[in-house]
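Got your viewer open? Load the model and let's walk through it one selection at a time.

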Amino acid sequence: MVKYFLGANTANGFYSLFDELYFPEYDGRLFIIKGGPGTGKSSVMKRIAAEAEKRGYKTERIYCSSDPSSLDGVIIPEIKTSVADGTSPHVIEPKYPGAVEQIVNFGDCWDRGFLRSKTESIIEKSFECSSYHKRCVRFLKAYSALLNDSLRLVEPHIESEKLSDFTERLCLREFENRSRKGESRVSFRFLSAVTPKGITFFEETLKDGCDRVITIEDEYGVVSDRILRAVFKRAVKAGFDVTVCPCVTNPKKKIDHLIIPEKRLCFVTENSAHLLSEKGEKSILSKRFMNASEIKKHSARLSFNRRASLELLDEAVMSLVNAKSIHDELEKFYIDAMDFDLLNEKAQKLINEIFD
């Protein structure tokens, strides 16, 4: 089963990759589900995914980083169909309404009068949930600052020429001199995210789609990022499709993992945030490209940053735990307002439209 996130809790707030969910000119249909919390969006998407898999189709499940047991989307590539939660914080608006995208409104199934009577409580809970998310961001900002401080201490002591020579040999071995056979498609996905369960890492995605796993053991991420950027450029030049998995703490500037589906090959940064249960076919040790004696001079500060950053991450996670608890209370208002018989009819109609 292929699992990803398309949204992540980061030092700069919620970071969305939902514009990567589908490309309307190529990827067929998108059903955008609208509705409040607790209105059955995730449950219906799980039903759709199960039906697709029952029919022999592979699915890509997109999970919610604020509740990793909940789905934000389902992609069924073989029938060029996607279904997604189109509500905040990942609002999706149609580009070609009716032709490509269809809006499915679960709000048709709730008792508006009941929800209106709970206005004050709904606003209060929504504000409280938002406050915990903002608190999470503040802790993640401090957490990220310490990680970046460690990276700045280590980066000047990378033996760049040695790393460059190694990376060139790696790329030659994996891609030889293959020339482009067509336009490469580059997709962006989060393979991990900060969630109420801590850092959730979808290792099963690698097991499902890759026969070969090459790990790069790198606690600081500076060596792995350089290797992955070089591999990415060479893979695209060779005409391979590539899935890029950005670093969840610094998604604009760092890459954590790369997947090359046609080769069933992935490169994974392994550190305290991404521990693999099984070692890959090859493990690249970042320390071999570092000047150990120079880095040792910063050992006290690096040690402090490591300990303090873990405490800050724990506080960020606890904020998400509290946010989810409040969100669960908010869901109860909508659950009590829903006509689930009507919802089931709407869900079955959607399933029939997708598969028949």
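**Stop one: a buried glutamate**

Select E174 to begin: at 7% relative accessible area, this residue is buried (buried is under 20% relative accessible area, exposed is over 50%, and partly exposed falls in between, using a 1.4 Å probe and protein chains only). Before you go on, note that this is a predicted model, where local features need pLDDT of at least 70 and side-chain atom pairs count only at pLDDT 80 or more, while totals for chains, interfaces and linings use all residues. Residues are numbered from 1 along each chain as its sequence is written, and side-chain values use heavy atoms, leaving out hydrogens and water.

Now add R212, which is partly exposed at 23% relative accessibility. E174 and R212 form a salt bridge, with their closest N and O atoms 2.7 Å apart (a salt bridge is a side-chain nitrogen of Lys or Arg within 4 Å of a carboxyl oxygen of Asp or Glu). E174 belongs to helix 4 (residues 160-175) and R212 to strand 12 (residues 212-217), so this pair ties together parts 38 residues apart in sequence. Helices (H or I, at least four residues) and strands (E, at least two) are DSSP runs, numbered from the N terminus. Add R173 and K263 too: salt bridges with shared partners join R173, E174, R212 and K263 into one network.

**Stop two: other salt bridges**

How many salt bridges are there by this rule? The count is 23. For one of them, pick K34 and E93, whose closest N and O atoms are 3.8 Å apart. K34 sits in strand 4 (residues 29-34) and E93 in the loop between strand 7 (81-85) and strand 8 (101-105), so the pair links parts 59 residues apart in sequence. Color by accessibility here: K34 is buried at 18%, whereas E93 is exposed at 54%.

Then jump to R61 and E53, whose side chains form a salt bridge at 3.0 Å, N to O. R61 is buried, with a relative accessible area of 10%, and E53 is partly exposed at 32%.

**Stop three: the nonpolar cores**

Show L21, I48 and L206 as spheres: they have the most contacts inside the largest nonpolar core, which has 52 residues. A nonpolar core is a set of buried Ala, Val, Leu, Ile, Met, Phe, Trp, Tyr and Cys residues joined through side-chain atoms within 4.5 Å. Elements supplying at least two residues each include helix 1 (41-54), strand 6 (67-76) and helix 9 (340-355). Which helix gives the most to this core? That's helix 9, with 6 residues.

Zoom in on L206 next. Leaving aside residues up to four places away in sequence, L206 touches L191, F201, I259, C266, V268 and L276 (contact means heavy atoms within 4.5 Å). There's also a second, separate core of 33 residues; select V154, I158, I227 and V242, which are among them.

**Stop four: helices that cross**

Switch to cartoon and find helix 1 and helix 9, whose axes come within 11 Å and cross at roughly 35°. Axes are lines fitted to C-alpha atoms, for helices over the stretch in contact, with angles from 0 to 180 degrees between N-to-C directions. To see the contact, select V44, R47, I48, E51 and A52 of helix 1 plus N344, A347, Q348, L350, I351, I354 and F355 of helix 9.

Finish with helix 3 (residues 119-154) and helix 8 (residues 299-337): their axes come within 8 Å and cross at roughly 165°.
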